[in-house]
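Me: I'm new to this structure and would like a close look at a single part of it. Could you begin with the overall picture and then take me there?

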Amino acid sequence: LQQIFEVMLTGATLVKLDLQRVGLGQVLQAVADKRITMMFSTPAVWRSVAQLDGAREALASLRCIQSSG
């Protein structure tokens, strides 16, 4: 919840994805298409996303990642 307020207070755009509904590939696509710069996720999701084909290119816009949980 704190991360949501931080995003709103800085004027950034919040992109929420339901991982179970859209899948890991759509996470990569969203990061690339929307040029997302910050991403919050669990370590297990990070490992899975990083192993997908094209992850290096799709995640190139990220400047900050936060992993917890």
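Reply: The protein exposes about 5,300 Å², and carbon and sulfur atoms supply 52% of that area (Shrake-Rupley method, 1.4 Å probe; for residues, only the protein chains shown count as cover). This is a predicted model, in which local features need pLDDT of at least 70 and side-chain atom pairs count only at pLDDT 80 or more, while totals for chains, interfaces and linings use all residues. Residues are numbered from 1 along each chain as its sequence is written, and side-chain values use heavy atoms, with hydrogens and water left out.

Of the 69 residues, 22% count as buried, meaning under 20% relative accessible area with a 1.4 Å probe, protein chains only. There are 5 helices and 2 strands, arranged along the sequence as α-α-α-β-α-α-β. Helices (H or I, at least four residues) and strands (E, at least two) are DSSP runs, numbered from the N terminus.

Now for the close look: helix 3, which covers residues 24-34. Its V27, L28, A30 and V31 are buried. Seen down the helix axis, these buried residues fall within an arc of 160°, so they line one face of helix 3; the arc is that of the directions from the axis to the C-beta atoms. What do the buried residues of helix 3 pack against? Their partners are helix 2 (19-22), strand 1 (38-41), helix 4 (43-50) and helix 5 (55-58), where contact means heavy atoms within 4.5 Å. Just after helix 3, R35 takes a positive phi of about 50°.

Methods: Buried < 20%, exposed > 50% of the residue type's maximum accessible area, 1.4 Å probe, protein only.
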